[in-house]
Amino acid sequence: MFTKKVAKSFVRSQTIFSSIVFISPSFSRNYVSKSRKLSSSLASITTSQTSLPITSMKSKENSQPPPPQITFQGRKLPDHLINFASPSGKELFKQALNDDYAEGYFNLSSCFSHQMEPAYCGLSSLSIVLNALQVTGAPVWKGPWRWWYDELLNCCAEIEEVKKSGVTFDQFACLARCHCYTVAKRANKVSKEEFISDLKAVCSRSDIFMIISFSRQAMQQTGDGHFSPIGAYNYEKNMALVLDTARFKYPSYFASVDLLYEAMLPLDKETNLPRGYFLLSSYESQKPISLCKLSQDAIVNWTSLGKIFCKDLPDRLITERPKTLEEVVKVILNDPFIMSLHNSMQTDVDKSSSEENPESGEQYLSTLLNDIIMSPLYSIVKSVFKNQSPPSNQYNETQISFATLFLLSFPTNLFTSLSTELVIELEQYRDRTKMSSVLKHEVEKINEEVTDLIGNFCSCSKTNAILSNDLDDSKVD
């Protein structure tokens, strides 16, 4: 622009100068010739400079990724699904509310948030329910505020893997049990009548919620596996309100209960098993000690723990072939990961004890430790600590107690390589009928988590396939 202005100014000055000043013919010819050369030079400079930004702009435009050819702003619901916000949907909800089958809706809606990633339907559904239940112990979200949030639910499965593939039915069950009381029901093991009965029970209360895992294809929607909470049940029409977490795709809608049940039956391509639904509620008593709080630990995390139970521990028992109960305990406690668990779990207990009622938490922990010390297995674990070579003076009563708790909690199937006599002897020391209610509660919880861990993380090798199958058969949801 600057050079253009200079050129125009020069031409104007040339014209004015020629018109008002008397000059000789020879001077005029020389002046005009030089003026024309200068004008030509300025024009070439102007052309070259004005063409540069255009080339530069084109190169920048070419460097940017092309926009997607097809984009969507929501999908149209199939005709057999009734939009919650439509007049028909409002009428269905009104009927459900009048029949007391929408009691939990307002708790869910006040905490509802759509999923932040296309594959976060499971995480989003669980975070909504945890917030609706007001489950304590939520991680710090932002600033001083604690809130259950999609990406903060990162145990049982690596968050980057979840972002790519979502979570399976078993992974969701594992994740949910880390934070609340969870009953998992696969559709092939539940009748339609039981499903309807559970719907009625859940929707008539505000302290228990249902999350359904189903196939979108069976609902004539796009996509496939999906998780969402159930918000209400219409008894007259036998329809349930699905609070779809993928609000960018579909709105919430009423669906036939018959269709929902059928949508849980198709096999998941990842597991070759049908899907199902979950009943979630808060723990009635003291929140149990949990292995699920280990994902943030730099040394002990869920993945490394999965490797211990799925490979290292079974392999070590096979290789070392312990002959006595003391030798079995020694083989297990020689693993540094197992011995470092008590630090992480102790931290979790301390955190939960400091919320709302610290005295109650401390009293619960004290009762638990005393009950562990009374266990017959405790004396064997203590003797193994004392007879270490070289002897260690760094252990304490709490460490011995937690080591005993682990041994009391591990699934029997982890000891399949031991002799029958040794397994029988070990089970006599682990007899749950002789445990106090507090100790039994903790043992069952850790046993459940280790069972989920093996089911989710063990490979399909011969040994681990046996472990997973046996544990799945013995598991009670």
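**Exercise 1: Salt bridges**

Find out how many salt bridges this predicted model has, then sort out how open the partners are in the Asp79–Lys76 and Glu194–Lys185 pairs.

*Solution.*
Step 1. Start with the count: the model, which is predicted, comes to 11 salt bridges.

Step 2. Look at Asp79 and Lys76. Their side chains meet in a salt bridge, with N to O at 3.2 Å. Exposed means over 50% relative accessible area. Asp79 has 72%, so Asp79 is exposed. Lys76 has 67%, so Lys76 is exposed too.

Step 3. Now try Glu194 and Lys185. In this salt bridge the closest N and O atoms are 2.8 Å apart. Buried means under 20%. Lys185 sits at 15%, so Lys185 is buried. Glu194 comes out at 30%, so Glu194 counts as partly exposed.

**Exercise 2: A pair in a helix**

Work out where Lys445 and Glu448 lie, and which residue joins them in a network of salt bridges.

*Solution.*
Step 1. Find the helix: Lys445 and Glu448 both belong to helix 17, which covers residues 437-457.

Step 2. Check the spacing. The two are 3 residues apart, about one turn of the helix.

Step 3. Check the contact: the side chains of Lys445 and Glu448 form a salt bridge at 4.0 Å, N to O.

Step 4. Look at the accessibility. Lys445 has just 6%, so Lys445 is buried, while Glu448, at 23%, is partly exposed.

Step 5. Add the third member: Arg177 is linked with Lys445 and Glu448 in a network of salt bridges.

**Exercise 3: Cysteines**

Say how many disulfides the structure has, and decide whether Cys111 and Cys121 are buried or exposed.

*Solution.*
Step 1. Recall what you're after: a disulfide is a covalent bond between the sulfur atoms of two cysteines.

Step 2. Search the whole structure, and you get 0 disulfides.

Step 3. Cys111 has a relative accessible area of 11%, so Cys111 is buried. Cys121, at 9%, is buried as well.

**Exercise 4: The nonpolar cores**

Describe the largest nonpolar core and find which helix gives the most to this core.

*Solution.*
Step 1. Size it up: the largest nonpolar core has 42 residues, and Val381, Phe410, Phe415 and Leu439 have the most contacts inside it.

Step 2. List the suppliers. Among the helices that each supply at least two residues are helix 10 (302-320), helix 14 (376-386) and helix 17. Helix 15 gives the most, with 7 residues.

Step 3. Zoom in on Val381. Leaving out residues up to four places away in sequence, Val381 touches Val329, Leu333, Ile400, Ala403, Thr404 and Leu407.

Step 4. Look elsewhere: apart from the largest core lies another, of 39 residues, including Ala96, Ala102, Phe209 and Phe278.

Technical notes:
Residues numbered from 1 in each chain as written. Predicted model: local features only at pLDDT ≥ 70, side-chain atom pairs only at ≥ 80, totals over all residues. Heavy atoms only, no water. Buried < 20%, exposed > 50% of the residue type's maximum accessible area, 1.4 Å probe, protein only. Helix = DSSP H or I, 4+ residues; strand = E, 2+ residues; numbered from the N terminus. Disulfide = S-S within 2.5 Å. Core = buried A, V, L, I, M, F, W, Y, C linked by side-chain atoms within 4.5 Å. Contact = heavy atoms within 4.5 Å.
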